[in-house]
Amino acid sequence: MPSSNWGSLFVAPLVAVALLASCAPPAPEDERHAAVSSALTAEDRIAACEQDPRVIAGLVSREICAGADIFFRETFEGNGRTCGSCHPVENNFTIDIPFIDALLDINPFDPLFVYEEDSALTDLETYELKTNGLIRENIDGFDDLDGKYVMRGVPHTLSLATTIAPDPAQEGEGMPLHRTGWSGDGAPGSGSLRDFLTGAVTQHLPQDLSREPGVSFRLPTEQELDLTLAYQLSLGRTNELDLTRVKLTDPEANEGRLAFLDPQRGRCNVCHSNAGANHLDTGRNRNLDTGARKAPGTGSSPGAFDGGFGGVGLPAPNIDVLGRNILDGYGDGTFNTPPIIEAVDTPPFFHSNAFGNDIEAAVSFYIRDDFKGSPAGRELEARFGTPIQFPDADIVTMGRLLRVLNAAFNLDLAKQRLQAARTLARQFHDTRDDVQKRLMELAEVEIDDATQVLSVAGTPLHPVSRYRLRQAKTEIAAGLSATAWSARESRISMALLRVQNARDEFGSNITYRLGQGNLMY
């Protein structure tokens, strides 16, 4: 249908409001929060989403569309931050030092840095946000703001549908409904992912540190909680692999797959079954004390060293986190297991960002004394009869395995977005071509991620694929500059072909099912 027949059906994109706000000069301190607060209700967002071309084309449900708009643009009458401030779509839904440095160059008054501009929020974050990418978390309660906080990296929100079901071996009174956040107890109330939004708004979005609902911020409505939950569960992949069936064409990566699965070598598959986040025995997410709590670099003067799960309501520290015979933290020392298919391009690693910026450094942690002497390490030793030990060669090959799995995920996301852009070009022509172009740009982000993930020292990893990805980027650039929808659609088709050709080089049975939320921004 010609695009002119559809023009009256669309409203201006809600993202334009956010873009205009980010380009405006900073408001005076006492006006800044009001200037960026949203007046849109959940029903307003659902109504707007009914006019979104992705919804009309059947690519995204209106509920997921509305949930995404809340995630990226709702401030809850707080300090100007949104969920997307710490979980930006263009940086794999996390923040790291390169992202923070780039944001400072583009907009030093971004709400992420509001604690530097607003005297009521001076202690909302610490300088470690800019130096280590760590955010301040009062995970064990707000009763002692100066002495009861920890510093943590920002976990990505990809593939949550596969990661949050708690291990039945650890269920019981007081256990959370879902494993959220680094310690598995990141949400208030029932501990569900739905409740996580309330906790995140309270922790990170208030106008002052009294954190009084109705004064410092407003609480999410029941409908907003439901919509944001639907969006979050639709991000990333919604299935697990079967690594026993995966075959990789890179010999070293395939050897890494065998080491990963081998209980006498990597043993990785016990806790990261099929490179996901779930335990081999139950298929559910388990909290473990791996010794990572002893990591250096968690801040020069944190309120308390990070004791992991538990600690709410405790009047004094109850755990020797660093092994110094000093009670210096709150909790039981355990953290929940993250998925590692997505790990290579979401560094730094572990809750403290303390173990390097490449996946090989993260793999090598598991032959360090900190892990081998930890409860999790001793459990593996008891299970298999020997301490965990694998040669440096396995660090390289398992790194290559994870790089290929991550790159395949990147390219599937790129394909999903390019396919959606092509569908919209064919159906709506040049109407709302801004959506088509943004999907193309986000596809290019994933192509860049895949290219970086495949860049590794030693034997080149899939050089032909990287060449084809450069060709795909050339096609996307031409499509973005095209003035007619037909030329844009043609370039998208060529880019898709290049991406698929690159992906085909990796091997077989690396099959991901992707959620609709990947098409939102």
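Let's start in a loop: H462 lies between α17 (433-453) and α18 (463-481). Helices here are DSSP runs of H or I with at least four residues, strands are runs of E with at least two, and both are numbered from the N terminus. The phi angle of H462 is near 50°, a positive value in a residue other than glycine. At 10% relative accessibility, H462 counts as buried. Buried means under 20% relative accessible area, exposed means over 50%, and partly exposed is what falls in between, using a 1.4 Å probe and protein chains only.

A quick word on what you're looking at. This is a predicted model, where local features need pLDDT of at least 70 and side-chain atom pairs count only at pLDDT 80 or more, while totals for chains, interfaces and linings use all residues. Residues are numbered from 1 along each chain as its sequence is written, and side-chain values use heavy atoms, with hydrogens and water left out.

Now step back to the whole thing. The protein chain has 19 helices and eight strands. Its radius of gyration is 23 Å, close to the 24 Å that the globule rule gives for 521 residues, so the chain is as compact as a globular protein of that length. That radius is taken over C-alpha atoms, and the rule is 2.2 Å times the number of residues to the power 0.38. Along the principal axes, the C-alpha atoms fill a box of roughly 70 × 60 × 40 Å. Of the 521 residues, 55% count as buried. Contact means heavy atoms within 4.5 Å, and of the contacts with a separation of 6 or more, 70% come from residues 24 or more positions apart.

What sits inside? The largest nonpolar core has 97 residues, and those with the most contacts inside it are Y231, F260, L405, L418 and I510. Helix α16 (residues 392-428) gives the most to this core, with 17 residues. A nonpolar core is a set of buried Ala, Val, Leu, Ile, Met, Phe, Trp, Tyr and Cys residues joined through side-chain atoms within 4.5 Å. Take I510: leaving out residues up to four places away in sequence, I510 touches L241, V246, L248, V404, L405, A408 and R503. There's also a second, separate core of 14 residues, which includes I95, F99, L103 and I135. In soluble globular proteins, nonpolar side chains tend to be buried together.

Buried doesn't have to mean nonpolar, though, so have a look at E489 in helix α19 (residues 485-504). E489 counts as buried at 14% relative accessibility. Setting aside neighbours within four places in sequence, E489 is in contact with R422, A425 and R426.

Next come the cysteines. How many disulfides does a search of the whole structure find? The search finds one, formed by C49 and C65 with their sulfur atoms 2.1 Å apart. C49 lies in helix α3 (residues 42-49) and C65 in helix α5 (residues 62-73), so the pair ties together parts that are 16 residues apart in sequence. The cut-off for a disulfide is a pair of cysteine sulfur atoms within 2.5 Å. The link is left-handed, with -80° about the S-S bond, and both C49 and C65 are buried. Why is C83 not bonded to C86? The sulfur of C86 is the closest cysteine sulfur to that of C83, but at 9.2 Å it is too far for a bond. Likewise, the sulfur of C271 is 9.0 Å from its closest cysteine sulfur, in C268, too far for a bond.

Helix α3 is worth another look. Its buried residues are A42, R45, I46, A48 and C49. They cover an arc of only 160° around the axis, which puts them on the same side of α3. The arc is that of the directions from the helix axis to the C-beta atoms. These buried residues pack against α4 (53-56), α5 and α10 (222-232).

Helix α15 (residues 375-384) can be read in a similar way, with A376, G377 and L380 buried. Their arc is only 100° around the axis, which puts them on the same side of α15. They pack against α12 (268-271), β4 (287-288) and α14 (369-372). Just after α15, G385 takes a positive phi of about 90°.

Finally, a cis peptide bond runs from P347 to P348, with omega near -10°.
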